[in-house]
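Biologist: Hello! I would like a close look at one part of this model, and then a walk outward from there to the rest of the chain.

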Amino acid sequence: MEHGHGGDIYTYKGMLDFSVNVNPFGPSEAVLEAAKCGVDKCCAYPDSQCRDLKAALSEKLGIPGQFILPGNGAAELIFSIVTAEKPKKALIPIPAFSEYEQALRTVDCRIRYHLLEEKENFRLTERFLDDLTEDLDMVFLCSPSNPAGQVIPEQLLRGILDRCREKEIRIVLDECFIEFTDREKRFCAEKLFRDLPCLFAVRAFTKMNAIPGLRLGYGITSDTGLLERMRMARQPWSVSIPAQEAGMAALSEAEERKADKTRALIRAERARMEEMLVGLGLRVIPSEANFILMYSSVDLAEGLKEKGILIRDCGNYRGLEKGWYRTAVRLPEENDLLVKALREIIERRTHGWQGRS
């Protein structure tokens with residue numbers, strides 16, 4: 001399996017980047033200013049326990065601080081839980097974020113895959129429950145899923161969690177894009193932690209607060225023994241002072257108002273983009289996140305690079321094939337540029353074939 005990500009602006013300099021899925025409004029001035037103030041404190045080591053950030057998260061989420069573990073982005077938390085638990089056998093529904101598999105392979109874990117079906121828009125269904133067998137140590141889930149943008153229905157998620165509790169399976173629930181979903185559709189895991197110590201949820205400041213370069217995420221579980229093992233499995237100063245300061249600023253009421261504005265924009269632009277992309281003849285998976293998965297027999301990624309635009313080629317996702325692409329939902333004028341470029345690429349290809357027939 002090949003590992004690759006979006007956001008490779010270092011190879012493809014100066015391009016309009018639709019390959020990563022962060023808030024199109026960018027980071028707020030308050031968050032940036034907090035990070036800059038953190039730089040002024042860089043003569044000291046960071047607080048390895050992130051006490052102020054944990055207290056702020058505890059108050060914001062209504063969860064005890066001892067249930068929270070900040071980390072150097074969601075990826076560090078994924079690798080840390082695998083290192084701490086050393087599962088022998090794990091289950092991943094695919095297509096999925098490649099770091100789940102990459103982390104599991106570092107401990108020689110045997111991996112089973114649950115293939116999600118295109119005809120069901122790659123949505124998790126009740127069939128997944130049949131794969132939750134006693135021999136499993138760990139399960140990875142993502143809601144909304146990456147790259148398909150599908151939210152796990154509340155009733156199904158509860159059923160999965162109950163089954164995992166019964167069979168003593170650790171469940172890692174990636175909720176890094178949950179803030180982009182509409183409130184009425186959102187079912188956040190914090191309602192369940194006290195009764196389900198088998199549950200470990202992963203969140204990130206990366207997406208909604210648009211600070212991927214600062215690397216900040218956090219895990220939540222009521223299994224405090226697990227959190228202690230995770231702390232022992234990683235280096236002690238993984239979260240920098242600028243990241244901790246930015247995280248505390250990102251938990252303000254002003255940031256929540258910005259998040260509401262962001263959700264409204266994403267909702268409107270996603271619907272508009274999906275309609276336009278379908279109009280171009282593309283196979284579009286209806287999304288509930290801030291990105292869209294689509295299929296085309298035309299090589300869209302290379303064609304767009306020629307026009308100075310990056311999208312995510314999903315051909316290296318296990319469970320997908322060449323021709324699947326993921327695009328972020330950005331600002332209206334940027335989305336128009338993407339659709340215009342796609343139209344030109346598709347029309348050029350279509351007219352080229354007609355000319356040779």
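Biologist: In which loop does Ala210 lie? Please take that residue as the starting point and connect it with whatever else stands out in the backbone.

Modeller: Gladly! A word on the ground rules comes before the answer. This is a predicted model, in which local features need pLDDT of at least 70 and side-chain atom pairs count only at pLDDT 80 or more, while totals for chains, interfaces and linings use all residues. Residues are numbered from 1 along each chain as its sequence is written, and side-chain values use heavy atoms, with hydrogens and water left out.

Now to your residue. Ala210 lies in the loop between strand E7 (199-204) and strand E8 (217-220); helices (H or I, at least four residues) and strands (E, at least two) are DSSP runs, numbered from the N terminus. Its phi is near 55 degrees, a positive value in a residue other than glycine. Most residues other than glycine have a negative phi, and most peptide bonds are trans. Ala210 counts as buried because its relative accessibility is 10%; buried means under 20% relative accessible area, exposed over 50%, and partly exposed in between, with a 1.4 Å probe and protein chains only.

Glu168 also has a positive phi, of about 55 degrees, although it is not a glycine. Glu168 sits in the loop between H6 and strand E6 (170-174). With 71% relative accessibility, Glu168 counts as exposed, whereas Ala210 is buried.

Two cis peptide bonds belong in this backbone tour. One runs from Ile94 to Pro95, with omega near 5 degrees, and Pro95 is found in the loop between strand E3 (89-94) and helix H4 (98-105). Another runs from Ser143 to Pro144, with omega near -5 degrees; Pro144 lies in the loop between strand E5 (138-142) and helix H6 (154-167).

Next, two buried residues and their surroundings. Thr125, in the loop between strand E4 (110-115) and helix H5 (127-130), is buried with a relative accessible area of 19%. Leaving aside neighbours within four places in sequence, Thr125 is in contact (heavy atoms within 4.5 Å) with Glu120 and Leu156. Arg270 belongs to helix H9 (residues 253-279) and counts as buried at 8% relative accessibility. Its contacts, with neighbours within four places in sequence left aside, are Ser287, Glu288, Ala289, Ile292 and Val329. Arg270 and Arg330 are 60 residues apart in sequence, yet their C-alpha atoms are 8.8 Å apart in space.

Stepping back to the whole chain, the secondary structure comes to eleven helices and 13 strands. Buried residues make up 55% of the 357 residues. Of the contacts between residues at least 6 apart in sequence, 73% join residues at least 24 apart. The C-alpha atoms fill a box of roughly 65 × 50 × 35 Å along the principal axes.

Finally, how far can you lean on the model? pLDDT is the predictor's confidence in each residue, from 0 to 100, and the chain averages 93, with 93% of the residues scoring at least 70. Over residues 353-357, however, the pLDDT is below 50, and this stretch has zero contacts in the model beyond near neighbours in sequence.
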